[in-house]
Amino acid sequence: MLIFPRKSMPGQHIPSTLTTLVGRQHELATTVALGKRPEVRLLTLTGPGGVGKTRLASSVGLALEPFFPDGVVFVSLATVGHDLLVTPAIAQAMGVTVGDERTLFVRLTQSIGDQRLLLILDNFEHVIGAGIVIAELLSACPHLKVMTTSRMPLHILGEQEFAVPPLNVPAVSPPPSIEELGRNPAVNLFVQRATAVKPDFVLTQANGPVIAEICARLDGLPLAIELAAARIKILTPSALLARLSDRLTILTGGAADLPERLRTMVNAISWSYDLLSPAEQRIFRRLSVFSGGISLEAVERIALVGQESGGNGRSQVPIDILDAITSLVDKSLILRAEGTNGEPRFRMLEVIREFGLAKLREVDAEGEIRRRFVAYYMQIAEESDARLIGEHQIEQLALLDAEIGNLRAALFFATGNDASLHVDALRIASGLWRYWLTRGHLSEGLAWLRQALSLPTEMPPTLKAEALNNQGNLCMEMGSFDDARALYEQSRVLFERIGDNDGTANEMNNIGLIALIQGRYDEARAVLNDSLKIRQDRLALPATLSNLGDIALFEDDLEAAERYHMEALDIRREISNTRAVASSCHSLGSVAFQRGDLEAAKRWFRDGMRLATELGDATIRASIETGLGRVAIKEGDLPRAMELFIRSLKTWQVMGSRRSLTMCFDGIAIAASVVRHDEAAAQMVGAAIALRGQIHMAVPARMRADNDALIAALTARLGDEVYARNVKEGALLSQDQSVELAMSLARRIAELGPIAPPSPATRPKVTPSRNLASLGLTRREQEVLMLLAQGLADKEIAEALFISPRTAMTHVGNILTKLGVSKRTQAVNLALRHGLGDFDEDGARD
């Protein structure tokens with residue numbers, strides 16, 4: 001088992017506050033002491049909603065920071081709607097990309113390792129079923145400590161519970177002195193918050209007993225006190241107390257059918273809710289459907305639509321959106337948050353949101369509001385599919401990042417029992433596929449698409465065909481090529497049935513791409529050319545051109561490869577598809593690399609990297625890192641090469657992209673061979689062979705020449721038996737073990753430092769004649785034929801062209817077949833009659 005080096009977790013900072021912690025000196029001291037005790041690995045702060053668990057946990061985390069050298073990470077679970085999303089939330093907070101959720105827990109524990117880290121998980125009660133995940137995390141990471149805030153304990157072994165009590169309230173009778181009231185934490189909190197909204201407010205002998213009564217009737221709950229104190233802006237303490245007097249039964253127990261966690265807070269929030277005008281109440285209720293941030297546009301589209309007339313037939317007073325939001329912010333029912341594009345965003349505390357949802361079910365047509373919510377976010381998702389391939393990609397990604405909580409909520413609503421929303425569910429899931437791909441959330445995207453496609457509703461044929469295609473795209477990126485091809489075939493049938501030629505062409509392109517990846521080049525070329533014949537959509541044309549360029553690259557027809565990829569690049573630039581432009585830069589860099597022009601390769605790769613970085617596109621960035629790593633090996637800069645491969649490896653492992661992992665294995669194996677770590681290199685070859693075999697994938701064109709040379713060098717130095725034994729050892733490794741081996745090997749290579757650039761073997765310089773092209777030979781076959789004419793054997797040809805002897809033999813066989821001859825001498829004579837070509841000064845023939 002390899003040990004990953006320690007590093008500081010990026011993590012989430014402990015939330016900063018603008019107010020002081022009031023009246024919690026004893027609780028703070030006690031919980032800090034518990035946090036220092038070595039036997040306490042899990043500390044749970046329990047108590048009712050609004051008691052101040054989060055505020056106390058933040059203060060405890062700050063106090064404990066010096067005792068955790070690897071940091072304190074704070075994770076808010078308020079918007080995490082399911083137990084299964086707890087692990088991704090923790091991973092994201094720690095800077096671990098979610099990607100393939102099948103391997104996420106293992107990667108998370110490896111990232112934490114033996115670090116002395118404090119993990120604070122806030123609002124755990126609504127994902128209480130994930131307690132087992134925390135137990136397993138603690139078991140796997142020996143120096144990790146976890147502190148949770150929850151309205152109930154997690155009930156797992158080793159848990160240390162600390163019940164956070166309400167603030168002490170003053171005695172009402174006999175009336176306390178003004179000095180005693182000033183020392184009371186509940187009164188002190190009330191006065192601080194009241195002064196914040198009314199600077200001239202002071203505690204006096206006259207209002208002191210009234211404030212004491214208010215605090216007592218609010219049971220000392222901090223959130224209730226803060227909400228009450230905020231009303232001092234418009235109400236006197238006596239007016240506040242009068243309003244609370246009608247709520248005594250709810251304050252002391254609440255209705256029996258309310259959740260236990262709300263039996264005290266409902267009154268505090270209800271009191272604040274009752275201060276709103278009817279129009280403001282209506283807006284507040286409707287805002288409770290949002291999960292995460294709220295934009296002004298969303299409020300207009302969802303909460304304000306249809307406000308003029310109510311379900312009861314009575315007219316409703318219109319309200320200005322800014323007035324409504326300002327009022328809700330003033331009354332602390334929603335909070336201001338920072339938006340990414342300069343526009344304000346808002347959020348609602350979870351306990352208040354729960355209250356709002358309950359009111360929504362009581363008063364409004366909840367189903368209608370949810371349908372508006374789904375419709376709004378369906379529009380965002382559908383617009384994203386187009387905007388993520390145009391000039392607005394960066395802005396659209398930022399928008400989706402901000403709205404992802406609401407988009408997930410819309411998917412959750414739409415995949416429920418309301419069949420009228422099922423089509424919308426598929427539109428959202430399908431419209432987001434480019435986002436899932438760009439952000440590396442492949443597993444989540446696949447899960448939503450599968451769920452939406454399985455709903456018991458007849459879907460429009462075009463929508464279903466597009467969704468199947470998009471599901472296939474995500475499957476292909478994860479290396480599930482057989483599943484992807486089956487989905488593309490289903491989509492093609494649907495497009496053909498409705499007479500959509502462009503849709504059919506897209507599926508043919510994708511089917512051709514699968515054939516290309518799996519090494520069926522003749523089939524791929526035929527399908528791709530057929531796709532071009534029926535395609536009318538210029539936007540999708542570059543994908544087919546790029547795939548044809550990759551076939552040409554495999555066949556060493558570098559001129560054709562460059563021509564195809566340049567044509568694709570021109571169209572992509574014309575339509576401002578930044579992501580696709582970055583992809584074309586990667587492809588053209590690969591062509592330049594294959595040609596041996598390392599400077600041109602670096603230029604292309606760097607151009608692509610700049611665009612991918614601007615987009616935050618992990619997929620293309622990792623692909624280019626692999627290409628730059630191969631260039632660095634050629635230049636002898638092994639530390640830089642290994643740094644790039646390690647970064648790329650981590651991305652592909654996170655995303656679950658098996659086909660891309662194999663290319664990292666290949667590059668690290670080549671570097672290992674350069675420094676004569678031959679047995680380890682052979683093991684990496686075996687790991688790559690096995691993984692390619694699992695997904696029925698051929699060696700990519702850009703890798704084949706170097707891979708052939710690698711195998712030839714390893715077999716020559718190790719001998720067939722030792723080479724085969726190490727290849728078998730590598731092939732028996734699991735995917736995770738292979739990645740660990742690659743990481744370890746890359747680090748060992750990097751420690752060796754830079755070396756002189758590897759010297760290529762002496763090779764006759766040949767320039768094939770254009771006349772040979774008339775014989776139907778590829779550029780590589782022409783080179784082989786010219787070396788045959790010099791009298792070279794298969795092994796010598798292999799050494800000259802940096803390919804394996806077996807590949808050289810295959811090329812010779814192909815030449816004989818294409819020329820219709822059975823002997824090598826016959827092939828040479830035929831070539832001579834067509835003008836063989838130009839030899840260098842060591843050759844004899846023009």
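A residue counts as exposed when its relative accessible area is over 50%, as buried when that area is under 20%, and as partly exposed in between. The structure discussed here is a predicted model. Arg-676 reaches 53% relative accessibility and is therefore classed as exposed. Arg-676 sits in the loop that links H32 to helix H33 (678-694). Its backbone is also worth a look: phi of Arg-676 is positive, about 65°, although the residue is not a glycine.

Another non-glycine residue with a positive phi is Ser-576, where the angle is near 60°. Ser-576 too belongs to a loop, the one between helix H27 (558-574) and helix H28 (578-595). With a relative accessible area of 28%, Ser-576 falls in the partly exposed class. In the residue range of H27 the model also has a charge placed over a ring: the charged end of Arg-563 sits over the ring of Tyr-564, at 5.7 Å from the ring centre.

Helix H32, which precedes the loop of Arg-676, spans residues 658-674 and packs against helix H36, residues 735-751. Two packed helices are described by the angle between their axes and the distance between the axes. For H32 and H36, the axes come within 10 Å and cross at roughly 35°. The crossing is left-handed. On the H32 side, the residues that meet the partner helix are Arg-658, Leu-661, Phe-665, Ile-668, Ala-671 and Ala-672. On the H36 side they are Gln-735, Ser-738, Val-739, Ala-742, Leu-745, Ala-746 and Ile-749.

Two threonines in helices come next. Thr-651 is part of helix H31, which covers residues 638-655. Its relative accessibility is 19%, and since the limit for a buried residue is under 20%, Thr-651 counts as buried. Setting aside residues up to four places away in sequence, Thr-651 touches Ala-618 and Ala-622. Thr-504 lies in helix H24 (residues 501-517). At 5% relative accessibility, Thr-504 is buried. With residues up to four places away again left out, Thr-504 touches Arg-492, Phe-495, Glu-496 and Ile-534.

The aromatic residues form a further theme. Eight aromatic pairs are counted in the model. One of them joins Phe-373 and Tyr-377, whose ring centres are 4.9 Å apart and whose planes make an angle of 55°, a tilted arrangement. Phe-373 and Tyr-377 are four residues apart in helix H17 (residues 366-387), and so about one helical turn separates them. Both residues of this pair are buried. A contrasting geometry appears in Tyr-435 and Trp-436: their ring centres are 5.8 Å apart with the planes at 65°, and because an angle over 60 degrees counts as edge-to-face, the pair is given that name. Tyr-435 and Trp-436 are likewise buried.

Phe-373 and Tyr-377 also belong to one aromatic cluster, together with Phe-290, Tyr-376, Phe-412 and Phe-413. A charged residue joins the picture at Phe-413: Arg-370 lies over the face of this ring, 4.0 Å from the ring centre.

The model also contains an open sheet of three strands, in the order E6-E8-E7, with antiparallel pairing. Strand E6 (294-295) and strand E7 (335-337) each have a single partner strand, so both stand at the edges, and one side of each has no neighbour in the sheet. E7 and strand E8 (residues 345-347) run antiparallel and are joined by three bridges. Within this pairing, Leu-335 has Arg-347 in E8 as its bridge partner.

The last stop is a proline in a loop. Pro-170 lies between strand E5 (159-163) and helix H6 (178-183). Is this loop residue buried or exposed? Pro-170 has 9% relative accessibility and therefore counts as buried. Apart from its neighbours within four places in sequence, Pro-170 is in contact with Pro-176, Leu-181, Asn-184, Val-187 and Ala-212. The C-alpha atom of Pro-170 is also 8.2 Å from that of Glu-213, a residue 43 places away along the chain.

Methods:
Residues numbered from 1 in each chain as written. Predicted model: local features only at pLDDT ≥ 70, side-chain atom pairs only at ≥ 80, totals over all residues. Heavy atoms only, no water. Pairing = 2+ DSSP bridges. Helix = DSSP H or I, 4+ residues; strand = E, 2+ residues; numbered from the N terminus. Phe/Tyr/Trp six-rings, centres within 6.5 Å; stacked < 30°, edge-to-face > 60°. Buried < 20%, exposed > 50% of the residue type's maximum accessible area, 1.4 Å probe, protein only. Lys NZ or Arg CZ within 6 Å of the ring centre and 35° of its normal. Contact = heavy atoms within 4.5 Å. Axes fitted to C-alpha atoms, helices over the stretch in contact; angles between N-to-C directions. Left-handed = near helix turned anticlockwise from the far one by under 90°.
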